[in-house]
Amino acid sequence: MTVIYWICGILFVLTATGSGVFFVLHISTGEHVPRERAVALYRWAIVVALGTFNIWIFKRVIDGIRMLLH
């Protein structure tokens with residue numbers, strides 16, 4: 001499971017960094033396209049974070065069920 005957490009962490013860092021870069025570009029130029037890209041990447045970063053949290057929760061639930069069955 002640590003491989004999944006590493007992949008999720010890398011995806012989160014990439015999307016959050018991209019969002020920050022495009023937001024800074026929007027602030028410096030005032031154009032709307034970089035803002036839209038920043039918002040889209042920010043939303044994907046949130047999806048990755050919440051998906052990772054779901055994986056963590058369901059892993060604990062499945063481990064608990066396994067312990068009850070043994």
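## Helix packing, salt bridges and a nonpolar patch

W56 is partly exposed, with 38% relative accessible area. The structure is a predicted model, and the values that follow are computed from it.

**Nonpolar surface**

W56 is located in helix α2, which covers residues 32-69. Together with F53, I57, F58, V61, I62, I65 and L69, W56 makes a nonpolar surface patch of about 790 Å². Membership of such a patch requires over 30% relative accessible area, and W56 has 38%.

**Salt bridges**

How many salt bridges does a search of the whole structure find? The search returns 2. One pairs the side chains of D63 and K59, with an N to O distance of 2.9 Å. The other pairs R66 with D63, at 4.0 Å from N to O. Because the two bridges share a partner, K59, D63 and R66 are joined into one network.

The spacing along the helix is as follows. D63 and K59 are 4 residues apart in helix α2, so about one helical turn separates them. R66 and D63, also in helix α2, are 3 residues apart, again about one turn of the helix.

The residues of this network have these accessibilities:

| Residue | Relative accessible area | Class |
|---|---|---|
| K59 | 30% | partly exposed |
| D63 | 27% | partly exposed |
| R66 | 51% | exposed |

The class limits matter for R66: exposed means over 50% relative accessible area, so R66, at 51%, falls in the exposed class. Buried means under 20%, and D63, at 27%, therefore counts as partly exposed. K59, at 30%, is partly exposed as well.

**Packing of the helices**

Helix α1 spans residues 2-29, and its axis comes within 8 Å of the axis of α2. How are α1 and α2 oriented, roughly parallel or roughly antiparallel? Their axes cross at roughly 160°. Angles over 145 degrees count as roughly antiparallel, so α1 is roughly antiparallel to α2. The crossing of the two helices is left-handed.

**Summary of helix α2**

Helix α2 (residues 32-69) contains W56, a member of the nonpolar surface patch of about 790 Å². The D63 and K59 pair lies in helix α2, as does the R66 and D63 pair. Helix α2 also takes part in the left-handed crossing with α1.

Conventions
Residues numbered from 1 in each chain as written. Predicted model: local features only at pLDDT ≥ 70, side-chain atom pairs only at ≥ 80, totals over all residues. Heavy atoms only, no water. Patch = residues over 30% accessible without salt bridge, like charges linked within 9 Å, V, L, I, M, F, W, Y side chains within 5 Å. Areas by Shrake-Rupley, 256 points an atom, 1.4 Å probe, with all protein chains shown as cover. Buried < 20%, exposed > 50% of the residue type's maximum accessible area, 1.4 Å probe, protein only. Axes fitted to C-alpha atoms, helices over the stretch in contact; angles between N-to-C directions. Parallel < 35°, antiparallel > 145°, perpendicular 65-115°, else oblique. Left-handed = near helix turned anticlockwise from the far one by under 90°.
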